[in-house]
Each structure stands twice: as C-alpha cells, then as structure tokens.
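Dear colleague,

Please find below the structure I wished to pass on to you. I should be grateful if you would look through it alongside the notes that follow.

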Amino acid sequence: MDVGRIFGQELSRQRGTLNMTEPIIDLQSDHYFMGEALRQAVKAYEAEEVPVGAVVVREGRIIGRAYNQVELLKDATAHAEMLALTQAEEAVGDWRLSDCTLYVTKEPCPMCAGAIVHVRLARVVFGASDPKAGAAGSALNLLQWPTLNHRCEITSGVREPECRNLLRTFFAEQRNAEEKRRTEASGELPEHGFSG
C-alpha cells in the first residue's frame with residue numbers, strides 16, 4: 001500500500017482539491033466485503049469443498065464469516081451462508097439480523113434463501129448467479145416471495161468473474177479427477193499416450 005499516496009489524497013482533500021484519478025479504498029463497499037467472502041471461498045477450495053464463502057456485515061463490521069463445510073462436517077446444511085448466519089446470530093445475541101447484509105460468492109440455494117428470509121436480513125449481495133438452483137432470482141426468488149413475511153434487497157454480480165472462475169476451476173478439477181479414477185479403474189490407456 002502506498003501510504004504516501006493515500007496521505008497525499010488526505011492533504012488534497014483538506015485543501016479542497018482531490019485528484020479523482022487516484023484510487024481510494026472504501027472499506028464499506030460491496031467490492032471490499034465480497035473480497036472477504038472470496039477469501040472464505042478460497043479456504044473452501046483448499047479444503048476440497050465447493051468454493052463458496054460468505055460474510056455477514058452489520059454497521060460496517062463483519063460479524064460472521066464462513067465457507068462451505070459440507071464434506072468436512074458430513075452435514076448437508078453446512079453451507080457457507082448457514083454457518084455465517086449462525087455466527088452472526090451469536091454475535092448479535094438474537095436470531096433477527098434485520099440490520100445486516102450477507103455477502104456470498106454464489107447465489108443462495110433454496111435452503112439458504114429460506115434461512116435468510118427467517119433471520120430477516122436487510123440485504124443479500126452475491127457474486128455468481130446459479131441458473132439451475134439459485135433462489136435469489138435466477139431459478140426462483142424466495143428472497144422476495146410475495147406471500148412470505150419478509151423480503152430482502154438483492155444485489156447481484158458483485159465481483160462475478162472472480163466468483164465464477166473459482167467455481168469453474170473447482171468443478172473442472174473435480175471432473176478431471178473423476179475421469180482419471182474411471183480410467184484407472186477400468187485399466188484403459190489414457191487418451192493421450194501410453195500408461196506407464
């Protein structure tokens with residue numbers, strides 16, 4: 001970090017002039033908090049879990065952070081969103097999170113969307129959409145379902161390329177590993193040469 005440049009911006013601001021070409025880091029931005037969710041997703045990737053990460057933010061502070069741990073915990077409900085919401089509830093001391101925002105790298109599934117509605121989150125921000133099972137507008141929209149007692153504001157596509165690329169890389173590696181296991185189990189020669 002170039003402290004001199006940032007300090008220079010502060011001096012310019014005090015003098016009433018600010019060079020708008022200089023980058024300013026906004027620690028309250030969607031971009032920043034999605035970066036924190038991405039850090040969690042990388043932890044999931046490193047643990048060979050589906051790389052989804054989530055953080056819950058209240059008044060500019062992260063009060064819950066988690067990554068998918070379905071395989072690690074042998075628990076189908078151990079999605080990043082569910083674990084982060086539980087942490088946030090503990091931090092707040094209540095199940096209601098009506099003044100909080102959830103940042104998650106992939107669009108929530110129906111299970112997670114149901115939990116989001118129940119805790120009454122104010123807002124959900126996600127990176128990559130999920131056309132097959134996304135419950136925040138892609139396949140269906142449980143977060144704004146007209147007959148439910150709560151509806152969330154939704155922001156989609158934040159840092160989408162990074163979120164999507166992490167998921168694509170993970171699933172490509174999974175497919176390649178599965179193909180290798182099948183090939184080795186069948187005793188066939190690899191497509192591109194001799195075994196040995």
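The notes below concern the largest pocket and two residues with unusual backbone angles. Please bear in mind that this is a predicted model.

The largest pocket holds about 260 Å³ of space. Its lining is made up of Val-50, Lys-106, Ala-128, Ser-129, Asp-130, Pro-131, Lys-132, Arg-164, Leu-167, Arg-168 and Phe-171. Helix 6, which spans residues 160–186, contributes four residues to this lining, the most of any element. By character, the lining residues of the largest pocket comprise five nonpolar, five charged and one polar.

Turning to the backbone, Glu-59 is not a glycine, yet its phi is positive, at about 50°. Glu-59 sits in the loop that runs between strand 1 (53–58) and strand 2 (61–67). Because its relative accessibility is 72%, and exposed means over 50%, Glu-59 counts as exposed.

Lys-74 likewise is a residue other than glycine with a positive phi, in this case near 50°. Lys-74 lies in the loop between helix 3 (70–73) and helix 4 (80–92). With a relative accessibility of 68%, Lys-74 is also classed as exposed, because that value passes the cut-off of over 50%.

When you view the model, you may wish to display the lining of the largest pocket, including Arg-164, Leu-167, Arg-168 and Phe-171, and then the two loop residues, Glu-59 and Lys-74.

With kind regards

Conventions:
Residues numbered from 1 in each chain as written. Predicted model: local features only at pLDDT ≥ 70, side-chain atom pairs only at ≥ 80, totals over all residues. Heavy atoms only, no water. Buried < 20%, exposed > 50% of the residue type's maximum accessible area, 1.4 Å probe, protein only. 1 Å grid on protein atoms, 1.4 Å probe; cavity = no way out; pocket = protein on both sides within 12 Å on 5 of 7 lines; lining within 4 Å. Points joined across faces, edges and corners; volume = space filled by probe spheres on them. Nonpolar A, V, L, I, M, F, W, Y, C, P; charged D, E, K, R; others polar.
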